[in-house]
Protein chains: 2
Amino acid sequence: MKVGLDKKKIIEAAADMADKKGIANVTLKVLAEELGIKPPSLYKHFSGGLEELNKELMLYGWRSLESEITRAAIGKAKDDAIIAICYAYRNFVAKHKGLFEAMQWYNMYQSEEHLKATEGTVSILFQVLEAYGLSEEQKVHIVRMLRGFLQGFVSIESHGGYGNPTPLNDTFDFALKTILNGIRDLQGETEQ
Amino acid sequence: MKVGLDKKKIIEAAADMADKKGIANVTLKVLAEELGIKPPSLYKHFSGGLEELNKELMLYGWRSLESEITRAAIGKAKDDAIIAICYAYRNFVAKHKGLFEAMQWYNMYQSEEHLKATEGTVSILFQVLEAYGLSEEQKVHIVRMLRGFLQGFVSIESHGGYGNPTPLNDTFDFALKTILNGIRDLQGETEQ
DNA sequence: CTACAATAGCTAATGTGATTAGCTAAAACA
DNA sequence: TGTTTTAGCTAATCACATTAGCTATTGTAG
């Protein structure tokens, strides 16, 4: 006994397990087993039980994604930065399918907390968009479109929902190019 | 007894309940209650239990969406048709939040079945794209981008994930315009 | 070094929902 | 009318989450 666990270790184990077996298979029973303790002991770390664990998992996921994205954007600007960020997002999800499920799945319950969680990621996109000289509203549209496309594309991709053999990389590049063109068009409007 | 239920009625009740209380709250217990029967009786209609019910819910959702989309596209072509389809998709989800959760949530488990379910919706998009004289591959890119954007945008929107007060309609229109421009650019490439 | 406070872990018990087994009566049909 | 089918039921089981209450380790004040 006294295995020496803490919230962080437990969340990381849960995230790992989610990536391997899917979030739906992360149960307190099996998680406790993995950690070498009994299910009730988990309540010493998460008094809110499974619900709280899932929430923490969601927050952990968004924090991790944010840091990946930040790293990816370092030293880049404008289109290069956006492309790097989008690829970082996509790669993150490819590596963390289960965690991404938690990030999404949890939507269904919370909303306040979820907004805060995504805040970081969203603000990075806004920062990058500063360089284009767009209006606030224009930036909002771009960020929303990017978020929507990224979440949907990556979600469908990770579930094998795109059946056609055409390489997904090509589609991803095409979509990014299309969105970047959209930004250019907005700049045109603004500069007139 | 002999209430006279069948698969269809049960699925519709479940879909309704999902829209009202969220898919996670559609339990066999509560569904049976709603239908005036006992939980075990549901197994007479869904021998696979909750799992099968969820699958049927997913299929029902995609069939419904397909028919909405089809109706929306009647008598329209090109950009008008695409815009109508996208709005139909978005409106469908606004009216059927819970069912949409089922359509998505179920991804996590199946894949074969999900592919077939979305087939109908995808093929409508392909049909509409016929009018633009694009290559097969170009059509694939457009359809994938549209699907990705729609699913992501609408999913974030329906969970209240877009915090900014800027009207979501404006963003939706902007995004559609951007994608339609993308189609125009591809036409340019092809026609050269 | 010792007493004691805090706490991470445990066992036992409870609760909720899904599921299975087996019964029964209504409905359908020869 | 007699027989078969079947939708529904009750009782029982299972799986997992959760709660209550105990215990031993840890860490800390004196």
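In the predicted model described here, a polar side-chain atom of A:Lys44 lies 2.6 Å from a base oxygen of DNA strand C. Another residue of chain A, A:Ser41, approaches the backbone of this strand, with an N or O atom of its side chain 2.5 Å from a phosphate oxygen of DNA strand C. Chain B takes part as well, since a polar backbone atom of B:Lys29 is found 2.9 Å from a phosphate oxygen of DNA strand C. The elements that contribute two or more residues to the surface near DNA strand C are helix 2 (28-35) and helix 3 (49-73) of chain B.

Taken as a whole, the surroundings of DNA strand C comprise 18 residues, and the closest of these are A:Lys38, A:Ser41, A:Lys44, A:His45 and B:Tyr43. Of the atoms of DNA strand C that come within 4 Å of the protein, 67% are accounted for by sugar and phosphate. In terms of residue class, the surface near DNA strand C is made up of 8 nonpolar, 5 polar and 5 charged residues.

The surroundings of DNA strand D were examined in the same manner. This strand is surrounded by 19 residues, of which A:Tyr43, B:Lys38, B:Ser41, B:Lys44 and B:His45 are the closest. Sugar or phosphate supplies 65% of the atoms of DNA strand D within 4 Å of the protein, while the rest belong to bases. An N or O atom in the side chain of B:Ser41 is 2.5 Å from a phosphate oxygen of DNA strand D. Chain A reaches the phosphates of this strand through backbone atoms: a backbone N or O atom of A:Lys29 lies 2.9 Å from a phosphate oxygen of DNA strand D, and a backbone N or O atom of A:Leu50 likewise lies 2.9 Å from a phosphate oxygen of DNA strand D. Helix 2 (28-35) and helix 3 (49-73) of chain A each provide at least two residues of the surface near DNA strand D, and by class this surface holds 9 nonpolar, 5 polar and 5 charged residues.

Attention then turned to the fold of chain A. This chain contains 8 helices and 0 strands, and its C-alpha trace spans about 70 × 40 × 30 Å along the principal axes. Of the 192 residues of chain A, 53% count as buried. Among the contacts in chain A with a separation of 6 or more, 70% are made by residues 24 or more positions apart.

The two protein chains also meet each other, with 44 residues of chain A in contact with 44 residues of chain B. The size of an interface is often given as the accessible area lost when the parts come together. Between chain A and chain B, the buried area is about 3,700 Å², and carbon and sulfur atoms give 63% of it. Across this interface, 15 residue pairs are found in polar contact, whereas the count of salt bridges between chain A and chain B is 0. On the side of chain A that touches chain B, two or more residues come from each of helix 5 (97-105), helix 7 (136-158) and helix 8 (168-191) of chain A. Helix 7 of chain A gives the largest share of that side, 14 residues. The side of chain A that touches chain B divides by class into 19 nonpolar, 17 polar and 8 charged residues.

Over all chains, the count comes to 16 salt bridges. One pair, A:Asp79 and A:Arg184, meets in a salt bridge at 3.3 Å from N to O. A:Asp79 lies in helix 4 (residues 78-95) of chain A and A:Arg184 in helix 8 of chain A, so this pair ties together parts that are 105 residues apart in sequence. A:Asp79 counts as buried at 19% relative accessibility, whereas A:Arg184 is partly exposed, with a relative accessible area of 40%.

Other salt bridges join residues within a single helix. A:Asp16 forms one with A:Lys20, the closest N and O atoms being 2.7 Å apart; because these residues are 4 residues apart in helix 1 (residues 7-21) of chain A, about one helical turn separates them. A:Asp16 is partly exposed at 38% relative accessibility, and A:Lys20 is exposed at 66%. In chain B, the side chains of B:Lys139 and B:Glu136 meet in a salt bridge at 2.8 Å from N to O, both residues lying in helix 7 (residues 136-158) of chain B. B:Lys139 is buried, with a relative accessible area of 3%, while B:Glu136 counts as exposed at 52% relative accessibility. In chain A, A:Glu130, A:Glu136 and A:Lys139 are linked in a network of salt bridges.

Technical notes:
Residues numbered from 1 in each chain as written. Chains lettered and ligands numbered in written order. Predicted model: local features only at pLDDT ≥ 70, side-chain atom pairs only at ≥ 80, totals over all residues. Heavy atoms only, no water. Near = heavy atom within 4 Å. Polar contact = N/O pair within 3.5 Å; in protein donor to acceptor, adjacent residues only side chain to side chain. Nonpolar A, V, L, I, M, F, W, Y, C, P; charged D, E, K, R; others polar. Contact = heavy atoms within 4.5 Å. Buried area = accessible area lost by both parts, 1.4 Å probe. Salt bridge = Lys/Arg side-chain N within 4 Å of Asp/Glu carboxyl O. Buried < 20%, exposed > 50% of the residue type's maximum accessible area, 1.4 Å probe, protein only.
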